[in-house]
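Visitor: I am new to this structure. Please take me through one part of it closely, and then show me how that part sits in the whole.

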Amino acid sequence: MYDIIEHKRDGRALSPEEISYFVQGYVAGEIPDYQASALLMAIFLRGMDARETAALTLAMEHSGDVVDLSGLEGIKVDKHSTGGVGDKTSLAVVPIVASLGVPVAKMSGRGLGHTGGTLDKLESIPGLTTGIDRERFFHIVREHGAAIIGQTGNLVPADKLIYALRDVTATVDSIPLIASSIMSKKLAAGSDRILLDVKTGSGAFMKDLDAAIDLARAMVSIGEEAGRETVALITNMNRPLGHAIGNALEVIEVVETLRGHGPEDLARECCALAAEMLVLGERASTIDEGRALAEQAIANGSAFRKLCEIVAAQGGDVGYLEDRSRFGRDAIAHEVAAPRDGYLGAIDTTAVGTASVELGAGREKKDDPIDHLAGITLLKNRGDAVRAGETVAVLHTADAEHLSRALPTFQAALTFQENEPEPEPLLFARV
Ligand code: URA
């Protein structure tokens, strides 16, 4: 291990054997944290080339179980977002794509830091479970075309260990380390083709567009090297997506979107992502055709019916999707007003996500309970005109103490200005 650290410290490329020696040894508990930390910092500072990053990903993928989806018919297409605020696209895109015959066997995650997680959102539907064993998971995908569950079995134990160490050694934001962390989990989850939604901007882990494109290229190259066709869209996280942030609030917004009444930005992004998945799944031959099919699945109600089918199959009470008022509301709904006439300018979207966590929608510690009704409804977003005293957002929480923490965080996240800010695209690039 000393030699491996020394090679990387001196800027040399590591061999696949050196990389798998490290991954296997660390998972087996034979390499101490201090040596693993030193190597991670050397990788952080010196980087890794495409071959090293691919070798690290493959070693991590095979550090535990891998899922074999070959027993399921069709081209299975997976989707992964690098994490955002108000990013509920998976909940809409999975039923859109499944309703058009492309199977999705999806393993999702929980909220991480200021970002929300698909599992937490889904679990705000009473009765719904995401802790489903593999046999039932396959059965639901076979019968209904899609399922969204939590990670089962011992998938990529290397990532759990390495991620925890990165978190405390200032080595998280390294492109080869992020790319191998995400792609090892995607490869182990077994889908044939992969769509990556790489978020960039003030609410993303990658704040800078060039870095987001580099990360997307690194991940696409790993996917291709592993024989899985992979496409990445780089999307805007300089503002929350849609109006709703928080678990039940986001589920309600997904239902509105699948019924054709969702916020325009969210509907457009969902159709762009669905179009890519439909092309990857060979259901559409062009992106335009895929987008038209996705729009049709929303307009004719088949995507909403598919969401209800998946929710019912996972034990959820579909009555809540049909009558959203059944979700109820938190006791406190605090309105935030614009301080002046003008426009809503730059948004510190990470701080908006943090405010939502402080209201109770996320966890500050690993085992904290979640308030599924807590969160933020944005009535205005970046670029919208506002009048002094007009309500721009409503903060929902069950606890006045949570509100007193979240309110200053949220207020500090918004900038009001005299002139209309330059509009920004929803989609920056495709790799
Ligand atoms: N998400 C992951 O799964 N891993 C990273 O390293 C960063 C974001």
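Guide: Start with L215. Beyond its neighbours within four places in sequence, L215 is in contact with I175, I178, A179, V198 and M206. Two residues are in contact if their C-beta atoms, placed from the backbone, lie within 7 Å. This is a predicted model: local features need pLDDT of at least 70, side-chain atom pairs count only at pLDDT 80 or more, and totals for chains, interfaces and linings use all residues. Residues are numbered from 1 along each chain as its sequence is written.

L215 is one of the buried residues of helix α10. A buried residue has 20 or more other C-beta atoms within 10 Å of its own; an exposed one has 12 or fewer, and partly exposed lies in between, with C-beta atoms placed from the backbone. The other buried residues of α10 are A212, A216, A218, M219, V220, I222 and G223. An α-helix has 3.6 residues a turn, so residues three or four places apart point the same way.

Now the helix itself. α10 covers residues 209-225, 17 in number. From first C-alpha to last it reaches 24 Å, close to the 24 Å expected at 1.5 Å a residue. That expected span is 1.5 Å times one less than the number of residues. Helices (H or I, at least four residues) and strands (E, at least two) are DSSP runs, numbered from the N terminus. After α10 comes G227, whose phi is positive, near 80°.

What do the buried residues of α10 pack against? Their partners are two helices, α4 (50-61) and α9 (175-188), and two strands, β4 (193-200) and β5 (229-236).

L215 also belongs to the largest nonpolar core, which has 132 residues. Such a core is a set of buried Ala, Val, Leu, Ile, Met, Phe, Trp, Tyr and Cys residues joined through C-beta atoms within 7 Å. L215 and M219 are among the members that touch the most others, along with I96, V97, A274, M277 and L278. Helix α12 (residues 264-280) gives the most to this core, with 12 residues.

I178, a contact of L215, also helps surround the ligand, with T82, L177, S181, I182 and F205. Here a residue counts if its C-beta atom, placed from the backbone, lies within 6 Å of the molecule.

Last, the whole chain. The protein chain has 17 helices and 13 strands. Buried residues make up 52% of its 431 residues. Its C-alpha atoms fill a box of roughly 65 × 45 × 40 Å, taken along the principal axes.
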